[in-house]
Amino acid sequence: MRVRAQSWRAPGMILAGVFLAALGAIPGHATPPNVITKAEYADPTSRYGHDVLGENAEWGRLRLTVDICMGCQGTDIREFNITLPENRVFEDIAPRLVDLDDDESPEVIVIESDSRLGSRLAVYYEGGLISATPFIGTAYRWLAPLGAADLDGDGIIELAYIDRPHLAKTLRVWRFEDRKLVEVASTPGLTNHRIGQDFISGGIRDCGSGPEIITADSGWRRIMATRLVDETLSTRDIGAFSGLLSLSAALDCK
């Protein structure tokens, strides 16, 4: 599985739909044939005002398009909207659709920020929150996702992000197991974002010998490749960082 570096800007369109409060985990989950075909942020807001991704990167609502087969008699496209309370925003570029549990229907991975507690990585479906990492614990502290893949070959998907890419610069890996996110490993000295950039660098690649997480080192001088083996992260230097093209080349196994 190769996950390229992304440079997304989510649109700010606002449409009517079914509104669900995303205040906590909602039990149960849609199973196929319900399939989320599209996810986007809506209701741009300045109520949090962190601007770590530049302007226009905070949102109040997650809008999902779902293909529902009612008795498999035909396609039924519906829209679901998940609206955050006033003390939270989606502080992100775009939602990420990934099938985390191999049920043929993708989940939605987002960055969610709280006005007192800072950011967390969260997984949603059309019914609401499935699971999330703990909030970092302090306002205006953020995380930058790198991707999702079976990093250790055990058949279960892991999610990777950099915790506080401008401060702590710590890579954290969480496993999505039994519909919960469980932290597996972490290692310091890595980053994938600079304050104000409207994109997130790095990602996950597989050049034929298994998945590797690609980031910069903490000083943006070297490109680093990290593997998960036996719940331990091992990092190696694979070349000089000379701008975003060098990270993209590394993700392309060049």
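**Figure 1. Strands β10 and β11 side by side.** In this predicted model, β10 and strand β11 (residues 158-163) run antiparallel and are joined over 6 bridges. For a handy landmark in this pairing, look for glycine 147, which stands opposite alanine 160 in β11. Of the 7 residues in β10, 6 are buried, so the strand is largely enclosed by the rest of the structure.

**Figure 2. The four-stranded open sheet.** Step back from the β10 and β11 pair and you will find an open sheet of 4 strands, in the order β10-β11-β12-β13, with antiparallel pairing. Which strands stand at the edges? They are β10 (143-149) and β13 (180-188); each has a single partner strand, so one side of each is left without a neighbour in the sheet. On average, neighbouring strands of this sheet are turned by 25° against each other, direction ignored. As general background while you look along any strand, side chains in a regular strand alternate between the two faces of the sheet.

**Figure 3. From β12 through the loop into β13.** Strand β12 (residues 170-177) pairs with β13 in the antiparallel sense, over 8 bridges. To find your way, start from threonine 170: its bridge partner in β13 is proline 188. The loop between β12 and β13 holds aspartate 178. Although aspartate 178 is not a glycine, its phi is positive, at about 55°. Is aspartate 178 buried or exposed? Its relative accessibility is 69%, and exposed begins over 50%, so aspartate 178 counts as exposed.

**Figure 4. Proline 145 and its surroundings in β10.** Here the view returns to strand β10, where proline 145 is found. Proline 145 counts as buried because its relative accessibility is 10%, and the limit for buried is under 20%. Which residues touch proline 145, leaving aside its neighbours within four places in sequence? They are Arg96, Ile111, Leu121, Ala160, Tyr161, Asn192 and Ile200. The last of these contacts, with Ile200, can be followed on the backbone too: the C-alpha atoms of proline 145 and isoleucine 200 are separated by 7.6 Å, with their positions 55 residues apart along the chain.

**Figure 5. Leucine 100 in the largest nonpolar core.** The largest nonpolar core has 41 residues, and the members that touch the most others are Leu62, Leu100, Tyr124 and Leu159. Zoom in on leucine 100 and, setting aside its neighbours within four places in sequence, you can trace contacts to Glu107, Ile109, Val123, Ala148, Ile157, Leu159 and Phe176. Another core of 15 residues lies apart from the largest one, and its members include Ala149, Leu190, Leu228 and Leu233. In soluble globular proteins, nonpolar side chains tend to be buried together.

**Figure 6. Threonine 215 in strand β16.** Threonine 215 sits in strand β16 (residues 211-217). With a relative accessible area of 1%, threonine 215 is buried. Not counting neighbours within four places in sequence, threonine 215 is in contact with Leu146, Ile162, Leu190, Thr191, Arg222, Ile223, Met224 and Leu247. Another useful reference point is glycine 203, 12 residues away along the chain; its C-alpha atom and that of threonine 215 are separated by 7.0 Å.

**Figure 7. Arginine 205 reaching toward alanine 250.** Strand β15 (residues 203-206) contains arginine 205. Is arginine 205 buried or exposed? Arginine 205 counts as buried, with a relative accessibility of 7%. Follow its side chain and you will see that it reaches the backbone oxygen of alanine 250 at 2.6 Å.

**Figure 8. Cysteine 253 after the helix.** The segment after α1 (244-251) contains cysteine 253. Cysteine 253 is not a glycine, yet its phi is positive, at about 65°. Its relative accessible area of 29% makes cysteine 253 partly exposed.

**Figure 9. The whole chain, for orientation.** To place the close-ups, here is the full protein chain, with a secondary structure of 1 helix and 18 strands. How much of the chain is buried? Buried residues make up 52% of its 254 residues. Among contacts in the protein chain with a separation of 6 or more, 55% are between residues 24 or more positions apart. The accessible surface of the chain comes to about 11100 Å², and carbon and sulfur atoms account for 51% of it.

Definitions and conventions:
Residues are numbered from 1 along each chain as its sequence is written. This is a predicted model: local features need pLDDT of at least 70, side-chain atom pairs count only at pLDDT 80 or more; totals for chains, interfaces and linings use all residues. Side-chain values use heavy atoms; hydrogens and water are left out. Two strands pair if DSSP finds at least two bridges between them. Helices (H or I, at least four residues) and strands (E, at least two) are DSSP runs, numbered from the N terminus. Axes are lines fitted to C-alpha atoms, for helices over the stretch in contact, and angles run from 0 to 180 degrees between N-to-C directions. A nonpolar core is a set of buried Ala, Val, Leu, Ile, Met, Phe, Trp, Tyr and Cys residues joined through side-chain atoms within 4.5 Å. Buried means under 20% relative accessible area, exposed over 50%, partly exposed in between (1.4 Å probe, protein chains only). Contact means heavy atoms within 4.5 Å. Accessible areas come from the Shrake-Rupley method with a 1.4 Å probe; for residues, only the protein chains shown count as cover. A polar contact is a pair of N or O atoms within 3.5 Å; within protein, one must be able to donate a hydrogen and the other to accept it, and residues adjacent in sequence count only if both atoms are side-chain atoms.
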